[in-house]
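Me: I am new to this structure and would like to learn how to read it one feature at a time. Could you walk me through it with care?

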Amino acid sequence: QGQLVESGGDLVQPGGSLRLHCAASGFTFSYYVVSWHRQAPGKEREFVAALGATDGRTKYADSVQGRFTIARDNAQYTTTLQMNNLKPEDTAVYFCKASEPRRDITYWGRGTQVTVSS
């Protein structure tokens, strides 16, 4: 059974940076598209960033474009989200997701809290 575990969430001041990590296990990580999503209190979960399995293609939400960078290390079974110039509206629980569309398989992590506040 596949598993994803996020870490790296913290309290940070506006303008600061954080790097989130997601460790995968139990499935062939390199076959999967990885993405990050977030959910703020009282709001629906929203897409943040995605990175293709083998083509290196990235996609970002407009709200984070130019500030966040998604990366992956297939050998280490990890994906990271580098977040710079953080804003209070980035406050949310951040979730890691891995999906294999051809077989309709999806794994979610349990999330890590990011709070941006002075």
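Reply: Let us begin with one pair of charged side chains: arginine 67 forms a salt bridge with aspartate 90, and the closest N and O atoms are 2.8 Å apart. The two partners come from distant parts of the chain, 23 residues apart, since arginine 67 sits in the loop between strand E6 (58-60) and strand E7 (68-73), while aspartate 90 sits in the loop between strand E8 (78-83) and strand E9 (92-100). Please keep in mind throughout that this is a predicted model.

Me: What is the general idea behind such a pair, and are arginine 67 and aspartate 90 buried or exposed?

Reply: In general, side chains of opposite charge can pair when their charged atoms come close. In this case arginine 67 counts as buried because its relative accessibility is 9%, under the 20% cut-off, and aspartate 90 is likewise buried, with a relative accessible area of 0%.

Me: How many salt bridges does the structure hold, and which residues are linked with Arg67 and Asp90 in a network?

Reply: The structure holds five salt bridges, and the network of salt bridges links Arg67 and Asp90 with Arg38 and Glu46. Within that network, arginine 38 and glutamate 46 form a salt bridge whose closest N and O atoms are 2.6 Å apart. Arginine 38 is buried, at a relative accessible area of 5%, whereas glutamate 46 counts as partly exposed, at 37% relative accessibility.

Me: What is the N to O distance in the salt bridge of arginine 102 and glutamate 100, and how do I read the surroundings of these two residues?

Reply: The side chains of arginine 102 and glutamate 100 meet at 3.6 Å, N to O. To read the surroundings, take the relative accessible area of each partner in turn: arginine 102 is exposed, with 73%, and glutamate 100 counts as buried, with 4%.

Me: How should I read an uncharged polar side chain such as that of glutamine 82, and where is glutamine 82 found?

Reply: A careful way is to ask for its place, its cover and its partners, in that order. Glutamine 82 is found in strand E8, and it is buried, with a relative accessible area of 18%. Its side chain is joined to that of asparagine 84 by a polar contact of 2.9 Å. If neighbours within four places in sequence are left aside, glutamine 82 is in contact with Ser17, Leu18, Arg19, Arg67, Phe68 and Thr69, and Arg67 is the residue that we met in the salt bridge with aspartate 90.

Me: Which cysteines does a disulfide join, and what can be read from the torsion about the S-S bond?

Reply: The count comes to one disulfide, and it joins cysteine 22 to cysteine 96, with an S to S distance of 2.2 Å. Because cysteine 22 lies in strand E3 (residues 18-25) and cysteine 96 in strand E9, the pair ties together parts that are 74 residues apart in sequence. The torsion about the S-S bond is about -85°, and the disulfide is therefore left-handed. Cysteine 22 counts as buried, at 1% relative accessibility, and cysteine 96 is buried too, with a relative accessible area of 1%.

Me: What should I look for in the backbone angle phi?

Reply: Most residues other than glycine have a negative phi, and most peptide bonds are trans. Against that background, tyrosine 77 has a positive phi of about 60° although it is not a glycine. Tyrosine 77 has its place in the loop between E7 and E8, and it is partly exposed, with a relative accessible area of 27%. Aspartate 104 also has a positive phi, near 55°; aspartate 104 lies in the loop between E9 and strand E10 (105-108) and counts as exposed, at 68% relative accessibility.

Me: How many helices and strands does the protein chain have, and how do I read its overall form?

Reply: The protein chain has zero helices and 11 strands. For the overall form, one compares the radius of gyration with that of a compact globule: with 118 residues such a globule would have a value near 13 Å, and the 14 Å of the protein chain agrees with this. Along its principal axes the C-alpha trace spans about 45 × 25 × 25 Å, and buried residues make up 43% of the 118 residues.

Note on methods
Residues are numbered from 1 along each chain as its sequence is written. This is a predicted model: local features need pLDDT of at least 70, side-chain atom pairs count only at pLDDT 80 or more; totals for chains, interfaces and linings use all residues. Side-chain values use heavy atoms; hydrogens and water are left out. A salt bridge is a side-chain nitrogen of Lys or Arg within 4 Å of a carboxyl oxygen of Asp or Glu. Buried means under 20% relative accessible area, exposed over 50%, partly exposed in between (1.4 Å probe, protein chains only). Helices (H or I, at least four residues) and strands (E, at least two) are DSSP runs, numbered from the N terminus. A polar contact is a pair of N or O atoms within 3.5 Å; within protein, one must be able to donate a hydrogen and the other to accept it, and residues adjacent in sequence count only if both atoms are side-chain atoms. Contact means heavy atoms within 4.5 Å. A disulfide is a pair of cysteine sulfur atoms within 2.5 Å. The radius of gyration is taken over C-alpha atoms; the globule rule is 2.2 Å times the number of residues to the power 0.38.
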